[in-house]
Amino acid sequence: MFRGKFDTTIDAKGRTSIPAKFREVLVDSFGDERFFLTKSSPLRLGGGAMGYGLVIYPYTEFLALEERLKDGAALGFSVEQLAAVRRTVLVPAVECTADKLGRILVPTDLRKTAQLERELHFVGMQKKIDIYSQAVWAQVCAQDEQNFPLDSPALAGLGL
């Protein structure tokens, strides 16, 4: 499982390094150094604003996602919603492998979508890794404070 948050940078050519801890998890937990990099689903940032990050899916997790999206009706999606999910997440996906130093090249279109300019945050989200620009990450954290289920009995059930 991917855990924790790691700060890093992206250079002008779009190169960044995946944190060593996350590279270890890719191989040790998912058995493959290959992965897919794609757009995240849109994020509600409050005040009607939307934003995007990027997502790294381990190779087998992405293939499983593709398989689940074959039959959108079974998931409760309309035809239009299923097409939107496929175009948002599946279409821009690129298969990647980090070099020996853990670096990857983030394609220009994905960098633009996620507003990646210099400072990045790699965020472990159990079976995937989210990547956010510094600006979008601040908005995500602010929105999470608004969305946090303070009075939910489910929190007690989790031991929180």
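# Exercises on a six-stranded open sheet

The sheet in this predicted model is open and has 6 strands, in the order β1-β9-β10-β6-β3-β7, with antiparallel pairing. Strands (E, at least two residues) and helices (H or I, at least four) are DSSP runs, numbered from the N terminus. Two strands pair if DSSP finds at least two bridges between them.

Residues are numbered from 1 along each chain as its sequence is written. The model is predicted, so local features need pLDDT of at least 70, side-chain atom pairs count only at pLDDT 80 or more, totals for chains, interfaces and linings use all residues, and side-chain values use heavy atoms, with hydrogens and water left out.

## Exercise 1: The edges of the sheet

Task: Find which strands are the edge strands of the sheet.

Solution.
- Step 1. Look for strands that pair on one side only: these are β1 (5-9) and β7 (94-97).
- Step 2. Check the twist. Neighbouring strands of this sheet are turned by 30° against each other on average, direction ignored. Here axes are lines fitted to C-alpha atoms, for helices over the stretch in contact, and angles run from 0 to 180 degrees between N-to-C directions.
- Step 3. Take the β7 edge. Strand β3 (residues 34-39) pairs with β7 in the antiparallel sense, over 4 bridges. Arg34 stands opposite Thr97 of β7.
- Step 4. Take the β1 edge. β1 and β9 run antiparallel and are joined by 5 bridges. Phe6 faces Phe122 in β9.

## Exercise 2: Strand β9 and its hairpin

Task: Decide whether β9 is mostly covered or mostly open, then follow the chain into β10.

Solution.
- Step 1. Count buried residues (buried is under 20% relative accessible area, exposed is over 50%, partly exposed is in between, with a 1.4 Å probe and protein chains only). In β9, 5 of the 6 residues are buried, and the strand is mostly covered.
- Step 2. Pair β9 with β10. They are antiparallel, with 5 bridges. Gly124 stands opposite Ile129 of β10.
- Step 3. Inspect the turn. The hairpin of β9 and β10 has 4 residues between the strands. Gln126 takes a positive phi near 70° there.

## Exercise 3: Helices on the sheet

Task: Work out which strands helix α1 lies across, and which strands helix α2 touches.

Solution.
- Step 1. Start with α1 (residues 20-30). It lies across β1, β3, β6 (54-58), β9 (119-124) and β10 (129-133). Its angle to β9 is about 30°.
- Step 2. Go on to α2 (residues 59-68). This helix packs on the sheet and touches β3, β6 and β7. Its direction makes about 100° with that of β6. Contact means heavy atoms within 4.5 Å.

## Exercise 4: A buried arginine

Task: Find the nearest side chain of opposite charge to Arg111.

Solution.
- Step 1. Place the residue. Arg111 is in helix α5 (residues 108-113).
- Step 2. Set the charges. Lys and Arg count as positive, Asp and Glu as negative; His and the chain ends are not counted.
- Step 3. Look for a partner. A salt bridge needs a side-chain nitrogen of Lys or Arg within 4 Å of a carboxyl oxygen of Asp or Glu. Arg111 is buried yet has no salt bridge. The nearest side chain of opposite charge is Asp11, 6.7 Å away.
- Step 4. List the contacts. Leaving aside neighbours within four places in sequence, Arg111 touches Ile10, Ala12, Lys13, Gly14, Val106 and Leu116.

## Exercise 5: Salt bridges

Task: State how many salt bridges the whole structure has, and examine some of them.

Solution.
- Step 1. The search finds 7 salt bridges.
- Step 2. Asp11 meets Arg15 at 2.6 Å, N to O. Asp11 is partly exposed at 24% relative accessibility. Arg15 is partly exposed too, at 37%.
- Step 3. Glu67 meets Lys70 at 3.1 Å, N to O. Glu67 is partly exposed at 47%, whereas Lys70 is exposed at 59%.
- Step 4. Lys128 bridges to Asp130, with the closest N and O atoms 4.0 Å apart. Lys128 is partly exposed at 26%, but Asp130 is buried at 6%.
- Step 5. Look for shared partners. Asp32, Arg34 and Glu95 are joined into one network.

## Exercise 6: The whole chain

Task: Explain why the chain counts as being as compact as a globular protein of its length.

Solution.
- Step 1. List the elements: 7 helices and 10 strands.
- Step 2. Compare radii. The radius of gyration (over C-alpha atoms) is set against the globule rule, 2.2 Å times the number of residues to the power 0.38. The chain has 16 Å, close to the 15 Å given for 160 residues, so it is as compact as a globular protein of that length.
- Step 3. Add the burial: 39% of the 160 residues count as buried.
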